[in-house]
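Visitor: Could you walk me through what is on the screen? I am new to this.

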Amino acid sequence: MSTHISEEWMDQNRKAQGLTVLCPRCLNKEWACSRCNGWGYLTPADAACDHKWKEISQKEARDAGIYHAGMCYHVYQCVHCGTTKSQDSSG
Ligand SMILES: [Zn+2]
Ligand SMILES: [Zn+2]
């Protein structure tokens, strides 16, 4: 069995995640690109905004009605469009 990741596999995986718009930041396969995480593509929603993430506190999240699991859990909100993402740093 090969551990090689084929272009085809990448394509299928990318589309499954809704990443259909070329990333304007890298426009080529740059693995370190933080906007598209190296995929080279973005979802239409992410392509519409060059998110600028700011971590919000547990209280801020609660006030805004955003789920926050507490310790070891980080919630970030885009200062431009208000989209949120969360990350669990305990794992
Ligand atoms: Zn990119
Ligand atoms: Zn945004």
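Guide: What follows is a short talk about one sheet and its strands. This is a predicted model, in which local features need pLDDT of at least 70, side-chain atom pairs count only at pLDDT 80 or more, and totals for chains, interfaces and linings use all residues. Residues are numbered from 1 along each chain as its sequence is written, while chains are lettered from A and ligands numbered from 1 in the order in which they are written.

Visitor: What order do the strands of the open sheet have?
Guide: The open sheet has 3 strands in the order β3-β4-β5, with antiparallel pairing; strands here are DSSP runs (E, at least two residues), numbered from the N terminus, and two of them pair if DSSP finds at least two bridges between them.

Visitor: And which are the edge strands?
Guide: They are β3 (53–56) and β5 (84–88), each of which pairs on one side only.

Visitor: How many bridges join β4 to β5?
Guide: There are 5 bridges between β4, which covers residues 73–78, and β5, with Gln-77 standing opposite Thr-84 and Tyr-73 opposite Asp-88.

Visitor: OK, what about β3 and β4, how many bridges there?
Guide: Those two antiparallel strands are joined by 4 bridges, and Lys-54 of β3 stands opposite Gln-77 in β4.

Visitor: New topic: which residue takes a positive phi in the hairpin of β4 and β5?
Guide: That is Gly-82, with a phi near 85°, in a hairpin that has 5 residues between the strands.
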